[in-house]
Protein chains: 2
Amino acid sequence: MSDEDANPGAAPTLEQARKQIARYGLETDPQAVLVAVRLMAAGARLDRASEVHFARSGLSTGRYRLLVDLEDSDGEKSPSQLAKSLGVSRATVTGLVVGLEREGLVARRASTEDGRGAVVVLTARGSQRLRDMAADHFARLEALVGGLAADERGLFLDLLERITQRIDALTAE
Amino acid sequence: MSDEDANPGAAPTLEQARKQIARYGLETDPQAVLVAVRLMAAGARLDRASEVHFARSGLSTGRYRLLVDLEDSDGEKSPSQLAKSLGVSRATVTGLVVGLEREGLVARRASTEDGRGAVVVLTARGSQRLRDMAADHFARLEALVGGLAADERGLFLDLLERITQRIDALTAE
DNA sequence: ACCAGATGATTAGGAAGCTAACTATATGGG
DNA sequence: CCCATATAGTTAGCTTCCTAATCATCTGGT
């Protein structure tokens, strides 16, 4: 270990994990810790990069995901349903919709069936925005994963799925 | 596709990816898109879960990472070095240190070598906080990855590494 | 038919990250 | 030796997310 970290992107090493575990006299598998920590670091980095990417189209990651969700649902959906499928709180959906409405990418209507409810509608302009982004967006996603062969992608999805299933265990009781 | 999403945790499907790509007449590999999107979703979910997890010890993910980084560096480091190794901005480090200092987990000293510089020092109390958290923390990390066999963990790390290397490509140009 | 409790949406306020701008100190070329 | 430029740290202001509280409406048990 020299004076410099030589590790600017914040990717921890197996050696660091090992040392931390030893420091507290634990028996944990260092590699398991490394997987968890690296996944968190990768997630955070990807998150920031996504924001930059979407900002180029005048959107944020959250707003883009909401538009896509809307388009996948024939252009309309209630805020509560959006919150559920996007995995964010209803309050967050309110904020996203306010921003998107201001730019004319979605519109809000009162629900006809439920006096409390609202319906968020994708506008022609919102739909066009998605269309404008599509080619570049999907190309970049493909580039991100381009280092993996087809069978490796399937494998990665399987492994990732088996980790994400247990995310709740991180906070459970 | 019924009325309900049956997919509350926000994990997109291959079918959705395929439909989106088809909608815009693109040639992108749906599985590649799925990998990218799932990784982003997993990262975001893990991030929130981490905050909840660390909040139980009165910390945030960022504050915890700073304390650990400090301990890995013999208990002291400059804010700039911390920013680099944590992969966050200097301004963020200032904020984290302010909070940690308020709780007595770190202290700030002026650098003896550089009149501009400062040194963040891990206090006994900060060190103790890490010690108190260790057993539970590492056990939870191990549980998170517990669905993977040892060789699968290595494989996952390799695949993840090959994706994260390309994160910059998402925003390049 | 009514009231209690559930549910939909919003608002208010907080935390963590960012960039840009500011202050103070170092450093190096002329 | 001095001034231009670079670097360290902080501050101000923005965004996104969150939880908790509020208000309106719906629903079910008596």
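How many aromatic pairs does the structure hold over all chains? The structure holds 5. Two of them are described below, after a look at the model, its copies and its sheets.

## The model

This is a predicted model: local features need pLDDT of at least 70, side-chain atom pairs count only at pLDDT 80 or more, and totals for chains, interfaces and linings use all residues. Residues are numbered from 1 along each chain as its sequence is written, chains are lettered from A and ligands numbered from 1 in the order in which they are written, and side-chain values use heavy atoms, with hydrogens and water left out.

## Two copies

How does chain A fit on chain B? A turn of 180° and a shift of 0.0 Å along the axis lay chain A on chain B with an RMSD of 0.1 Å. The two copies are thus related as by a two-fold rotation axis. The superposition is by least squares on the C-alpha atoms of residues with pLDDT of at least 70 in both copies.

Among the residues of chain A, A:Gly43 comes closest to the rotation axis, with its C-alpha at 1.9 Å. Now take the interface. Of the interface residues of chain A, 100% are also interface residues in chain B, so the copies meet through the same surface.

## Domains of chain A

The domain assignment splits chain A into domain 1 (7–55) and domain 2 (57–165). Such bounds come from an automatic or database domain assignment. The C-alpha centres of the two domains of chain A lie 28 Å apart. The contact between them takes 9 residues from domain 1 and 13 residues from domain 2. Contact means heavy atoms within 4.5 Å.

## The sheet of chain A

Chain A has an open sheet of 3 strands in the order β1-β3-β2, with antiparallel pairing. β1 (76–77) and β2 (106–110) of chain A stand at the edges, each with a single partner strand, so one side of each is left without a neighbour in the sheet. Helices (H or I, at least four residues) and strands (E, at least two) are DSSP runs, numbered from the N terminus. Two strands pair if DSSP finds at least two bridges between them.

β1(A) is joined to β3 (residues 118–122) of chain A by 2 bridges. Here A:Glu76 stands opposite A:Val121, and A:Lys77 stands opposite A:Val120. β2(A) and β3(A) pair over 5 bridges, in the antiparallel sense. One of the partnerships is A:Val106 with A:Leu122.

Is β3(A) largely enclosed or open? 4 of its 5 residues are buried, so β3(A) is largely enclosed by the rest of the structure. Buried means under 20% relative accessible area, exposed over 50%, and partly exposed in between (1.4 Å probe, protein chains only). Helix α5 (residues 90–102) of chain A lies across β2 and β3 of chain A, at about 115° to β2(A). Axes are lines fitted to C-alpha atoms, for helices over the stretch in contact, and angles run from 0 to 180 degrees between N-to-C directions.

## The sheet of chain B

Chain B also has an open sheet of 3 strands, ordered β1-β3-β2 with antiparallel pairing. Its edge strands are β1 (76–77) and β2 (106–110), each pairing on one side only. 5 bridges join β2(B) to β3 (residues 118–122) of chain B. In this pairing, B:Ala110 has B:Ala118 in β3(B) as its bridge partner.

Helix α3 (residues 61–72) of chain B packs on the sheet. This helix touches β1, β2 and β3 of chain B, and its direction makes about 95° with that of β3(B). Helix α5 (residues 90–102) of chain B lies across β2 and β3 of chain B, at about 115° to β2(B).

## Aromatic pairs

Rings of Phe, Tyr and Trp (its six-membered ring) pair if their centres lie within 6.5 Å; planes under 30 degrees apart count as stacked, over 60 as edge-to-face and the rest as tilted. Among the 5 aromatic pairs, A:Phe54 and A:Tyr64 are stacked, at 4.5 Å centre to centre with 25° between the planes. A:Phe54 lies in helix α2 (residues 30–55) and A:Tyr64 in helix α3 (residues 61–72) of chain A, 10 residues apart. A:Phe54 counts as buried at 3% relative accessibility, and A:Tyr64 counts as buried at 10%.

A:Phe156 and B:Phe156 are also stacked, at 5.2 Å centre to centre with 0° between the planes. This pair crosses between chains, from helix α7 (residues 150–164) of chain A to helix α7 (residues 150–164) of chain B. Both A:Phe156 and B:Phe156 are buried.

## An exposed residue

A:Asp151 also sits in helix α7 of chain A. A:Asp151 is exposed, with a relative accessible area of 58%. A:Asp151 and A:Ser73 are 78 residues apart in sequence and 30 Å apart in space, C-alpha to C-alpha.
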